[in-house]
Amino acid sequence: MRAIVHPRFGEPADVLDVEELDTPEPGPGQVRLRILLSPIHNHDLWTIRGDYGYKPELPARAGTEAVGVIDAVGEGVEGLEVGHRVATGGTFGVWAEYVLAPAAGLIPVAEGLPDEIAAQLVSMPFSAISLLHSLDLKPGDWIVQNTANGAVGRMVAQIAKARGIHVLGLVRRQSAVDELAQQGIGDVVSTDAPDWREKALAIVDGARVVAGVDSVGGTAADDVLSLLSENGTLVIFGSMGAGKLELSTGDIIFRQITVKGFWGSVVSKTMDAETRGALFGELSRYLSDGTVTLPVAATFALDDIREAVTASLSPRVGKVLLRP
């Protein structure tokens with residue numbers, strides 16, 4: 001079988017290649033998936049650089065989310081059979097033709113759901129809805145988020161709207177405001193304008209902003225912090241390579257702000273089964289009726305992995321997918 005491998009940590013376009021590996025046989029509790037499609041996520045690229053919370057042994061495979069068809073079943077697996085189409089959001093090394101996956105973590109895919117959507121079902125949409133769930137928001141509440149034009153930012157806005165929650169979005173270029181408007185996402189401000197903060201406050205119109213989500217780090221985190229109301233919560237979702245936060249001490253102290261981190265993979269693993277099932281059910285409804293959309297920017301073959309990761313790092317609307 002063919003798989004994407006990197007012998008060292010570094011920029012993905014410099015270190016990724018396709019290699020021939022032995023096709024694995026499933027052990028107890030495992031199934032083997034024939035991969036159909038797999039998205040490129042930012043956390044995949046951070047892992048390849050060696051900058052993520054999980055650091056694999058080298059040489060390492062890559063990729064964490066995919067949709068595939070079960071083509072072999074290990075001992076003790078119940079409820080899953082050869083030919084079933086399933087999604088996985090926590091199986092490492094899915095940028096390949098085949099991968100072994102724990103059967104317990106797989107999600108059966110509804111017959112009418114396209115591969116392009118099923119491939120993106122778990123990581124980003126579930127992180128978005130889990131994030132909103134963790135904030136215990138009520139209809140009518142306001143939150144603010146940066147990277148509003150990113151995959152998670154778009155989904156947070158769409159899911160929040162369905163739940164009656166208002167989202168103020170921050171982006172770093174005016175063209176992104178227009179792109180989001182075409183997707184039906186409003187209340188967005190570009191921070192490259194000198195009066196961006198005044199525009200943001202005008203949108204909120206005196207309402208209490210109970211929470212903020214930062215996915216950039218650096219001074220951008222402080223932009224989100226500056227818009228929070230007293231006793232608000234700032235959630236650090238990502239860093240976009242910044243590595244450090246620059247936050248106003250006065251804002252944190254005098255408005256008694258809580259700052260905390262959010263790592264979707266840990267939240268998902270520790271969530272009780274009933275809550276996880278309810279959130280996936282809610283997501284399925286949103287995907288079926290078009291409330292949440294998962295656009296695709298481009299699809300590449302494994303042999304074109306370096307071009308694929310370059311495209312993923314470029315301005316785009318939707319995910320870049322890999323097709324073995």
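Which residues do ring pairs link into a cluster? Ring pairs join W46, Y52 and W263, and the legends below start from the whole chain and then move in on this cluster.

**Figure 1. The whole protein chain, a predicted model.** Residues are numbered from 1 along each chain as its sequence is written, and side-chain values use heavy atoms, with hydrogens and water left out. Because this is a predicted model, local features need pLDDT of at least 70 and side-chain atom pairs count only at pLDDT 80 or more, while totals for chains, interfaces and linings use all residues. The chain holds 12 helices and 16 strands (DSSP runs numbered from the N terminus: helices are H or I of at least four residues, strands E of at least two). Its radius of gyration is 20 Å, close to the 20 Å that the globule rule gives for 324 residues, so the chain is as compact as a globular protein of that length (taken over C-alpha atoms; the rule is 2.2 Å times the number of residues to the power 0.38). Along its principal axes the C-alpha trace spans about 60 × 40 × 35 Å.

**Figure 2. Burial and contacts in the protein chain.** Of the 324 residues, 50% count as buried (under 20% relative accessible area; exposed is over 50% and partly exposed in between, with a 1.4 Å probe and protein chains only). Among contacts with a separation of 6 or more, 67% come from residues 24 or more positions apart (contact means heavy atoms within 4.5 Å).

**Figure 3. Close-up of the ring cluster of W46, Y52 and W263.** A search of the whole structure finds five aromatic pairs (rings of Phe, Tyr and Trp, the last by its six-membered ring, with centres within 6.5 Å; planes under 30 degrees apart are stacked, over 60 edge-to-face, the rest tilted). One of them is W46 with Y52, a tilted pair at 6.2 Å centre to centre and 35° between the planes. Y52 also pairs edge-to-face with W263, at 5.6 Å and 85°. Y52 sits in the loop between α2 (42-49) and β4 (60-61), and W263 in the loop between β14 (258-261) and α10 (264-270), so this pair ties together parts 211 residues apart in sequence. Y52 is partly exposed at 24% relative accessibility, and W263 is partly exposed at 36%.

**Figure 4. Close-up of S215 in its loop.** Look for S215 between β12 (209-214) and α8 (218-225). With a relative accessible area of 12%, S215 is buried. From S215 to P295 is 20 Å, C-alpha to C-alpha, and the two are 80 residues apart in sequence.
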